[in-house]
Amino acid sequence: MDDGGLVIMDDDGNEVVLDAREAEGLFAIAGRLEAATVSACPDCRCRVIATVALLDLLDAAAPHPRGGELMDLADDAPTLHLYVIDPFTMCDHPRWRDPLSDEWLEAVEEAERAKY
Ligand SMILES: [Zn+2]
């Protein structure tokens with residue numbers, strides 16, 4: 001994956017990996033995911049999104065090359081939330097301080113533990 005890409009992951013660690021162009025396209029067609037975002041770092045693209053709202057957004061948006069995969073991910077997600085990870089950000093999210101940022105961090109750390 002190249003700089004600028006994004007990972008969208010569910011609580012089971014299933015993920016859709018977008019390259020920079022796909023990530024940019026998704027943010028463009030889906031209004032930067034604002035309508036689906038329930039909590040986000042103010043300084044980078046890391047965020048928690050609601051699965052149902054994401055499905056609505058994708059449904060209403062212009063087609064995206066990875067839209068089908070994202071819909072499957074949201075459909076099959078074990079919880080109501082999906083986690084958007086910006087793997088290349090240098091951000092430590094110092095200003096992202098709400099309970100959902102902890103949920104995000106836990107999900108991400110667990111996925112990393114499972115992987116390595
Ligand atoms: Zn951040």
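**Figure 1. The loop between helix H1 and strand S3 (residues 37-40) holds Arg32 and Leu33.** The structure shown here and in the other figures is a predicted model. Arg32 has a phi near 55 degrees, a positive value in a residue that is not glycine. Leu33, likewise not a glycine, has a positive phi of about 65 degrees. Most residues other than glycine have a negative phi. Are these two loop residues buried or exposed? Arg32 is partly exposed, because 14 other C-beta atoms lie within 10 Å. Leu33 is buried, because 21 other C-beta atoms lie within 10 Å, and 20 or more suffice for a residue to count as buried.

**Figure 2. The chain is built from four helices and five strands.** Read from the N terminus, its elements follow the order β-β-α-β-β-α-α-β-α. The radius of gyration is 13 Å, close to the 13 Å that the globule rule gives for 116 residues, so the chain is as compact as a globular protein of that length. Along the principal axes, the C-alpha atoms fill a box of roughly 35 × 25 × 25 Å. Of the 116 residues, 28% count as buried. Among contacts between residues at least 6 apart in sequence, 63% join residues at least 24 apart.

**Figure 3. Five strands form an open sheet with antiparallel pairing.** In what order do the strands stand in this sheet? The order is S2-S1-S5-S4-S3. S2 and S3 stand at the edges and have a single partner strand each, so one side of each is left without a neighbour in the sheet. From one strand to the next, the twist averages 20 degrees. Helix H4 (99-115) lies across S1, S3, S4 and S5, and runs at about 75 degrees to S5.

**Figure 4. Bridges join the strands at both edges of the sheet.** S1 and S2 pair in the antiparallel sense over four bridges. Within this pair, Val7 has Val17 of S2 as its bridge partner. S3 and S4 also run antiparallel and are joined by three bridges. Here Thr37 has Ile49 of S4 as its bridge partner. A hairpin of six residues connects S3 to S4. In a regular strand the side chains alternate between the two faces of the sheet.

**Figure 5. The largest nonpolar core has 29 residues.** Which residues have the most contacts inside this core? They are Ile8, Met9, Ile49, Leu54, Leu82, Tyr83 and Val84. At least two residues of the core come from each of S1, S2, helix H1 (20-29), strand S4 (47-50), H2, H3, S5 and H4. S5 gives the most, with four residues. Leaving out residues up to four places away in sequence, Val84 touches Leu6, Ile8, Arg45, Cys46, Arg47 and Ile49. Ile8 and Ile49, which Val84 touches, are themselves among the core residues with the most contacts.

**Figure 6. Helix H3 (residues 67-76) has a buried side and a face with exposed residues turned away from that side.** Gly67, Leu70 and Ala74 are the buried residues of this helix. Why do they lie on the same side of H3? They cover an arc of only 65 degrees around the axis, which puts them on the same side. An α-helix has 3.6 residues a turn, so residues three or four places apart point the same way. The face turned away from the buried side carries Gly68, Asp72, Asp75 and Asp76, which are exposed. Among the elements covering the buried residues of H3 are strand S1 (6-9), strand S2 (15-18), helix H2 (51-60) and strand S5 (81-85).

**Figure 7. Leu58 belongs to helix H2 and has contacts with residues of H3.** With 21 C-beta neighbours inside 10 Å, Leu58 counts as buried. Which residues does Leu58 contact, leaving aside its neighbours within four places in sequence? They are Ala30, Gly67, Leu70 and Met71. Of these, Gly67 and Leu70 are buried residues of H3. Ala30 is 28 residues away from Leu58 in sequence, yet their C-alpha atoms are 6.9 Å apart in space.

Definitions and conventions: Residues are numbered from 1 along each chain as its sequence is written. This is a predicted model: local features need pLDDT of at least 70, side-chain atom pairs count only at pLDDT 80 or more; totals for chains, interfaces and linings use all residues. A residue is buried if 20 or more other C-beta atoms lie within 10 Å of its own, exposed if 12 or fewer, and partly exposed in between; C-beta atoms are placed from the backbone. The arc is that of the directions from the helix axis to the C-beta atoms. Two residues are in contact if their C-beta atoms, placed from the backbone, lie within 7 Å. A nonpolar core is a set of buried Ala, Val, Leu, Ile, Met, Phe, Trp, Tyr and Cys residues joined through C-beta atoms within 7 Å. The radius of gyration is taken over C-alpha atoms; the globule rule is 2.2 Å times the number of residues to the power 0.38. Two strands pair if DSSP finds at least two bridges between them. Axes are lines fitted to C-alpha atoms, for helices over the stretch in contact, and angles run from 0 to 180 degrees between N-to-C directions.
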